[in-house]
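I set out to record how selected helices pack in this model and what surrounds its ligand. The entries below follow the order in which I looked things up.

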Amino acid sequence: MNNAPETLANDPVALLRWYTDAGVDEAIGEIPIDRFQADAGPGAVQPAPQAEPAVQRPALSRPVISPRSQHDVGDAAQGAAHLAQAAKSVEELRAAVEAYDGCGLKKFASSTVFADGNPKARIMFIGEAPGADEDRQGKPFVGVSGQLLDRMLGSIGLDRATNAYITNLVFWRPPGNRSPTDQEIASCLPFVQRHVELVDPAVLVFVGGLSAKTLLAKTAGITKLRGHWYEYETPGMVRPVPCMALFHPAYLLRSPQQKRFAWRDLLAIKQKLNAALPV
Ligand code: URA
């Protein structure tokens, strides 16, 4: 973002405030720099100076995976699958995720955001990715959208301190709050699948379109997916778990007129949870 008013050019404090008000909280260039390589010490190969891109291309909403990175995804996901399967409890899974280096996001994050709430809860929520607040505190959904999620849970008698469990599709914050790439998601997916197996909830809720599409293997968007019950199952599960997708609270904060649909979905979730046999 470099279209700040010219009048701010000589006032760095006002300029910074302008950027903050516009939601810019990260300094990220157009071209990635491998800072591990750059910081590797005196003998290290320095990255070649990067030219500015000649043409500014619009960002792709879902990054294209090259054949090379597809291979890498396979390797990372396979490593993750072995580690995830070896975990026999949620605490072992947390330790495995914390020790895992196969997701590129970890390099840029301050903390691993594994989960919050009661792992014995009968309902499990899966969001998308940690943001800045989550990265600072090491817990999912603790920022503004997390506060709305807490109110949404409270409206149907749920509370992460006692009877709800919350995690995300990826365990590290994507820089600048971009969407995680397919590769980053694939490298965390075996842990997410094992997480559901170990928690074994009676009801599973996808918070936002990304986790819904990924775990249901659907291409439809959240507007189509929400409001319907699906079944989620992995080979390691004793039985399929009923699941529903919910509008992401960050979206509801931007589009409050959609809250009525979220309310409808929350009531359906409450009903399903009440009707589900104790597990
Ligand atoms: N949004 C998410 O999807 N997850 C978080 O933890 C925070 C914001």
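**Entry 1: α4 against α7**

I began with helix α4 (residues 90–99) and helix α7 (residues 182–199), whose axes come within 10 Å and cross at roughly 165 degrees. I note that the model is a predicted one. Angles over 145 degrees count as roughly antiparallel, and α4 and α7 are therefore roughly antiparallel to each other. I then looked up the handedness, and the crossing of α4 and α7 is left-handed.

Next I listed the residues that meet. On the α4 side I found V90, L93, A96 and V97, and on the α7 side F191, R194, H195, L198 and V199. Sorted by class, this contact of α4 with α7 holds 7 nonpolar residues, 1 polar and 1 charged.

**Entry 2: α7 against α8**

I stayed with α7 and turned to helix α8 (residues 209–216). The two pack at about 75 degrees, and their axes are 12 Å apart. The angle makes α7 roughly perpendicular to α8.

I looked up which residues form this contact: I185, L189 and V192 of α7 meet L210, T214 and L215 of α8. By class I recorded 5 nonpolar residues, 1 polar and no charged for the contact of α7 with α8.

**Entry 3: L189**

I singled out L189, which has its place in helix α7. What does L189 contact once its neighbours within four places in sequence are left aside? I found L169, T214 and L215. Of these, T214 and L215 belong to the α8 side of the contact in Entry 2.

I also checked a C-alpha separation for L189. Its C-alpha atom is 7.3 Å from that of A77, although L189 and A77 are 112 residues apart along the chain.

**Entry 4: α6 against α11**

I then examined helix α6 (residues 144–155) with helix α11 (residues 259–275). Their axes are 10 Å apart, and the packing angle is about 45 degrees. An angle of this kind falls outside the other classes, and α6 and α11 are therefore oblique to each other. I recorded a right-handed crossing where α6 passes α11.

The residues in contact are L148, M152 and S155 from α6, which meet K259, A262, W263 and L266 from α11. I counted them by class as 5 nonpolar, 1 polar and 1 charged.

**Entry 5: the ligand**

Finally I looked up the surroundings of the ligand. Which residues surround the ligand? I listed G127, E128, A129, P130, E134, P140, F141, S145, N168 and H248.

I went on to the polar atom pairs and recorded these distances:

- A nitrogen atom of the ligand lies 3.1 Å from a backbone N or O atom of A129.
- An oxygen atom of the ligand lies 2.8 Å from a polar side-chain atom of N168.
- For H248, an N or O atom in the side chain is 2.9 Å from an oxygen atom of the ligand.

I note that A129 takes part through its backbone, whereas N168 takes part through its side chain, and H248 likewise through its side chain.

Definitions and conventions: Residues numbered from 1 in each chain as written. Predicted model: local features only at pLDDT ≥ 70, side-chain atom pairs only at ≥ 80, totals over all residues. Heavy atoms only, no water. Axes fitted to C-alpha atoms, helices over the stretch in contact; angles between N-to-C directions. Helix = DSSP H or I, 4+ residues; strand = E, 2+ residues; numbered from the N terminus. Parallel < 35°, antiparallel > 145°, perpendicular 65-115°, else oblique. Left-handed = near helix turned anticlockwise from the far one by under 90°. Contact = heavy atoms within 4.5 Å. Nonpolar A, V, L, I, M, F, W, Y, C, P; charged D, E, K, R; others polar. Near = heavy atom within 4 Å. Polar contact = N/O pair within 3.5 Å; in protein donor to acceptor, adjacent residues only side chain to side chain.
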